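Student: Please take a close look at the enclosed space inside this model. I should like to know what lines it, and how the elements that supply the lining relate to other parts of the chain.

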Amino acid sequence: MQLQQLQYFVAVAETRHFTRAAETVHVAQPSLSQQIRALERELGADLFLRARGNITLTDAGEALLPLARRILADADTARQEVLELVQLRRGRVRLGATPSLCTGLLPDVLRAFHDRYPGIRLMIEESGSHDLVRELARGALDLALVVLPLPTASPALTTVELLREDLVVVSSPESPRPGGGRRAVRIADLEGERLVMFRHGYDLRELTVAACRAEGFEPDFAVEGGEMDAVLGFVRAGLGMAVVPRMVAARSGRGLRVTPLARPGLSRTIALAHRSDVAPPRAARELQRMLLER
């Protein structure tokens, strides 16, 4: 079994068309078809059902596809590792992080990393923890900053706790103070307040809604569905208040009133995750070290 054959197989599986797949991998269509046939002979099973104008995966093809993608991703990682020059002069790091961490934690760390290793290309994937875990598992990321606990148990990932961060309430200075003007507000004080809420799948949304329900009420949304920058903008405009990480509030404090939550408050645990079965590339390991030592 050759990597080239797996590459051709994945291309056909994704395009469901031999000619378009050949164009994607820049090879003549007869050569691609010949290599697919050779792979099927070696495996002893057909990978595609070939009907005119309709290419579908067989059960064997469905089973091979995620494995082939992972093998190709691992081969690409190995290639990048070998290509790195002494003292990390070139290479890349594929880092995933939730939007709030991209706003609060990463800018200073990435600036320090870039100053030390200017030849390393930083590729950032901004998404929720659930999506980042999936991207890690399929080999599309080297590292990811995720919120614990993970959405689903994943024995294939190694996580190292990085920090525990308090959440705060942000509101417009032009709006009435939350909680009747107290220095710190309780979650119960948010009952009846209009909240600006993140989109579904956002870790902060689930955490805030669960805390409100634990106090016996459903939160009232003035606006919902935004990413971090949008939520902060809506709060500045006086549409409502929001619960956000302290680091984000500190970085985005202009035009925002920041009110802490009374004890026990709310917090979240941030962890650095990578695949357990494959060591991150050298450049990623260096970024990992800087994040853990921050």
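Tutor: Helices and strands are here DSSP runs, of at least four residues for a helix and at least two for a strand, numbered from the N terminus. With that in hand, helix H4 (59–83) and strand S11 (267–275) can be named as elements that each give at least two residues to the lining of the largest cavity. The model is a predicted one, and every value below is computed from it.

Three cavities of 30 Å³ or more are found. The largest has a volume of about 90 Å³. Its lining consists of Asp74, Thr77, Arg94, Gly139, Leu141, Asp142, His274, Arg275, Val278, Ala279, Pro280 and Pro281. Sorted by class, this lining holds four charged residues, three polar ones and five nonpolar ones.

The second largest cavity encloses about 50 Å³. Thr98, Pro99, Ser100, Gly128, Gly201, Tyr202, Asp203, Leu204 and Arg268 form its lining. At least two of these residues come from helix H5 (99–104), and at least two from H8. Here the division is four polar, three nonpolar and two charged residues.

Helix H8, which spans residues 203–214, also contains arginine 205. Arginine 205 has a relative accessibility of 7% and therefore counts as buried, the limit for that class being under 20%. What does its side chain meet in this setting? A polar contact of 2.8 Å joins the side chain of arginine 205 to the side chain of glutamate 224. Beyond the neighbours within four places in sequence, the contacts of arginine 205 are Met197, Phe198, Arg199, His200, Phe221 and Glu224. Glutamate 224 thus appears both in the contact list and as the polar partner.

From strand S11 one may step back into the loop that leads from strand S10 (257–260) to S11, where leucine 266 is placed. Leucine 266 is buried, because its relative accessible area is 14%. Although leucine 266 and leucine 167 are 99 residues apart along the chain, their C-alpha atoms are separated by 5.5 Å. Leucine 167 is also among the contacts of leucine 266 outside the four-place window, the others being Glu165, Asp166, Ile187, Ala211 and Leu261. The loop between S10 and S11 holds proline 264 as well. The peptide bond from arginine 263 to proline 264 is cis, with omega about 5°.

Another cis peptide bond joins leucine 148 to proline 149, with omega about -5°. Proline 149 belongs to the loop between strand S5 (143–148) and S6. Strand S6 covers residues 157–171 and includes serine 171. Serine 171 is buried, because its relative accessible area is 2%. Outside the four-place window, serine 171 is in contact with Pro178, Val235, Met241, Gly255, Leu256 and Arg257.

Returning to helix H4, another contributor to the lining of the largest cavity, one may consider alanine 45. Alanine 45 sits in the loop from helix H3 (29–43) to strand S1 (48–51). Its C-alpha atom is 8.6 Å from that of glycine 61, 16 residues away along the chain. Apart from neighbours within four places in sequence, alanine 45 contacts Glu40 and Ala60. Alanine 45 is partly exposed, because its relative accessible area is 27%.

The loops on either side of helix H2 hold residues with positive phi. Arginine 16, in the loop between helix H1 (3–15) and helix H2 (18–25), has a phi of about 55° although it is not a glycine. Arginine 16 is partly exposed, because its relative accessible area is 35%. Histidine 26, in the loop between H2 and H3, likewise has a positive phi, near 60°, and is not a glycine. Histidine 26 has a relative accessibility of 72% and therefore counts as exposed.

A final point concerns the cysteines. Cysteine 212 is buried, because its relative accessible area is 0%, and cysteine 102 is buried too, because its relative accessibility is 18%. The whole structure contains zero disulfides.

Note on methods. Residues are numbered from 1 along each chain as its sequence is written. This is a predicted model: local features need pLDDT of at least 70, side-chain atom pairs count only at pLDDT 80 or more; totals for chains, interfaces and linings use all residues. Side-chain values use heavy atoms; hydrogens and water are left out. Buried means under 20% relative accessible area, exposed over 50%, partly exposed in between (1.4 Å probe, protein chains only). A polar contact is a pair of N or O atoms within 3.5 Å; within protein, one must be able to donate a hydrogen and the other to accept it, and residues adjacent in sequence count only if both atoms are side-chain atoms. Contact means heavy atoms within 4.5 Å. A disulfide is a pair of cysteine sulfur atoms within 2.5 Å. On a 1 Å grid over the protein atoms alone, a cavity is a set of points where a 1.4 Å probe fits but cannot get out, and a pocket is an open set with protein on both sides within 12 Å along at least five of seven lines; lining residues have an atom within 4 Å of a point. Grid points are joined across faces, edges and corners, and a volume is the space filled by probe spheres set on the points. Ala, Val, Leu, Ile, Met, Phe, Trp, Tyr, Cys and Pro count as nonpolar, Asp, Glu, Lys and Arg as charged, and the others, Gly among them, as polar.
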